[in-house]
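Here are my notes for a first reading of this model, set out as numbered points. Please keep the structure open beside them and look up each residue as it is named.

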Amino acid sequence: MMEDSSAPRSTRSTFAWLVGGSQVLGVASVVLTGVWMGHYHGGFAWDGTQQEFNLHPLCMILGLVFLQGDAILVYRVFRNEAKKNVKVLHGVIHLLALIISIVGVAAVFDSHRASKYPNMYSLHSWCGMATIVLFSLQWVMGLLFFLFPVASSWLRSTYLPVHAFCGLLLLVMSVGTSLLGITEKLLFSIMPTYSTFPPEGVLANVLGILLVCFGVLLCYLITREEYRRPPNPEEEALAVHFKTLTEGGSPATP
């Protein structure tokens with residue numbers, strides 16, 4: 001992470017600790033999900049069995065929670081790097097998150113089909129499908145508006161706050177849907193013994209707490225004004241010049 005010389009040393013130190021903490025929480029959530037599915041539910045496979053279903057929670061938490069959160073965070077971590085490079089990194093991580101999430105969705109549909117189990121009946125499945133569809137739409141809109149812009153400068157500046165809000169909303173939706181999935185899994189697997197604090201139940205509870213903490217910490221880092229990307233006069237000048245060339249505006253026009 002490039003040093004931000006304009007920020008007080010205490011702010012930079014706090015920011016570094018918070019980012020580091022978010023990564024520990026995110027990685028721990030993914031690892032704990034892998035341990036839960038691997039140790040208590042037989043591991044992973046792609047054969048239509050329960051082991052294929054186990055890929056679903058792992059892929060969704062890795063893609064829609066951890067990687068999506070990190071994709072948003074790059075604008076804070078690399079806030080002094082060239083904006084174009086950060087845009088590319090933002091889009092690539094989001095694309096990776098989308099691909100992994102699609103694998104997770106395919107795994108649950110395929111395992112349900114093989115076991116003749118119904119799809120899309122629970123609140124978790126409805127919220128999850130809405131999240132993955134909106135996430136896909138968000139990625140396509142970001143691609144067209146910002147990475148390979150086909151819209152006018154005015155339209156891009158108008159859509160930018162909507163894009164940022166939807167990104168944060170999707171992260172919250174992803175964490176919430178994951179918590180619903182954890183609850184649903186516990187209801188089906190250990191509900192009769194849940195009140196006796198079995199190890200699997202404790203592990204799932206800890207996973208839920210880690211996901212909530214990760215989401216809260218990401219929201220804090222993203223919304224704090226002192227961690228935002230500072231204005232870059234050179235980039236603003238290039239943006240005005242690009243607008244002049246493409247839209248016939250005046251160089252003095254903001």
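**Notes on the helices and their packing**

1. A good place to begin is V74, which, once its neighbours within four places in sequence are left aside, is in contact with R79, V86, L89, H90 and I93. This residue is found in helix 3, and V74 is buried, with a relative accessible area of 5%. V74 and L89 are separated by 15 residues in sequence, while their C-alpha atoms are 7.6 Å apart in space. Please bear in mind throughout that this is a predicted model.

2. Turning to the chain as a whole, there are 8 helices and 0 strands, so that reading along the sequence gives the pattern α-α-α-α-α-α-α-α. Of the 254 residues in the chain, 42% are buried. When the contacts with a separation of 6 or more are considered, 71% of them are between residues 24 or more positions apart.

3. Helix 1 (residues 9-40) has 32 residues, which at 1.5 Å a residue should span 46 Å, and the end C-alpha atoms of helix 1 are indeed 46 Å apart, in agreement with that expectation. Just after helix 1 comes G42, which takes a positive phi of about 90°.

4. How do helix 1 and helix 3 pack, and at what angle? Their axes are 9 Å apart and the angle is about 170°, which makes helix 1 roughly antiparallel to helix 3, since angles over 145 degrees count as such. On the side of helix 1 the meeting residues are F15, V19, S22, Q23, G26, V27, S29, V30, T33, G34 and M37, and on the side of helix 3 they are P57, L58, I61, L62, F66, D70, L73, R76 and V77. Sorted by character, the residues of this contact divide into 12 nonpolar, 6 polar and 2 charged.

5. Helix 1 also packs with helix 7, at an angle of about 150° and with the two axes 9 Å apart. Helix 1 and helix 7 are therefore roughly antiparallel to each other, and their crossing is left-handed. The residues of the contact of helix 1 with helix 7 comprise 22 nonpolar, 5 polar and 1 charged.

6. The next pair to examine is helix 4 (residues 83-114) and helix 5 (residues 123-147), whose axes come within 10 Å and cross at roughly 155°. Helix 4 and helix 5 are therefore roughly antiparallel to each other, and the crossing of helix 4 and helix 5 is left-handed. From helix 4 the contact takes in K87, V88, G91, H94, L95, A97, L98, S101, V105 and F109, and from helix 5 it takes in M129, I132, F135, S136, W139, F146 and L147. Among the residues of this contact, 12 are nonpolar, 4 are polar and 1 is charged.

7. Helix 5 itself has 25 residues and reaches 34 Å from its first C-alpha to its last, which is close to the 36 Å expected at 1.5 Å a residue. Which residues of helix 5 are buried? They are H124, S125, G128, T131, I132, F135, Q138, G142, F145 and F146, and what covers them includes helix 3 (55-77), helix 4 and helix 6.

8. For a single example from helix 6, consider H163, whose place is in that helix. Is H163 buried or exposed? H163 is buried, with a relative accessible area of 13%. Apart from its neighbours within four places in sequence, H163 is in contact with H90, Q138, G142 and F146.

9. Finally, two loop residues deserve a careful look at their backbone angles. M120 lies in the loop between helix 4 and helix 5, and M120 has a positive phi of about 55° although it is not a glycine. F197, which is placed in the loop between helix 6 (153-189) and helix 7 (199-223), is likewise a residue other than glycine with a positive phi, near 55°. As to accessibility, M120 is partly exposed, with a relative accessible area of 31%, whereas F197 counts as exposed at 66% relative accessibility.

Note on methods
Residues are numbered from 1 along each chain as its sequence is written. This is a predicted model: local features need pLDDT of at least 70, side-chain atom pairs count only at pLDDT 80 or more; totals for chains, interfaces and linings use all residues. Side-chain values use heavy atoms; hydrogens and water are left out. Axes are lines fitted to C-alpha atoms, for helices over the stretch in contact, and angles run from 0 to 180 degrees between N-to-C directions. Helices (H or I, at least four residues) and strands (E, at least two) are DSSP runs, numbered from the N terminus. Angles under 35 degrees count as roughly parallel, over 145 as roughly antiparallel, 65 to 115 as roughly perpendicular and the rest as oblique. A crossing is left-handed if the near helix is turned anticlockwise from the far one by less than a right angle, and right-handed if clockwise. Contact means heavy atoms within 4.5 Å. Ala, Val, Leu, Ile, Met, Phe, Trp, Tyr, Cys and Pro count as nonpolar, Asp, Glu, Lys and Arg as charged, and the others, Gly among them, as polar. Buried means under 20% relative accessible area, exposed over 50%, partly exposed in between (1.4 Å probe, protein chains only). The expected span of a helix is 1.5 Å times one less than its number of residues.
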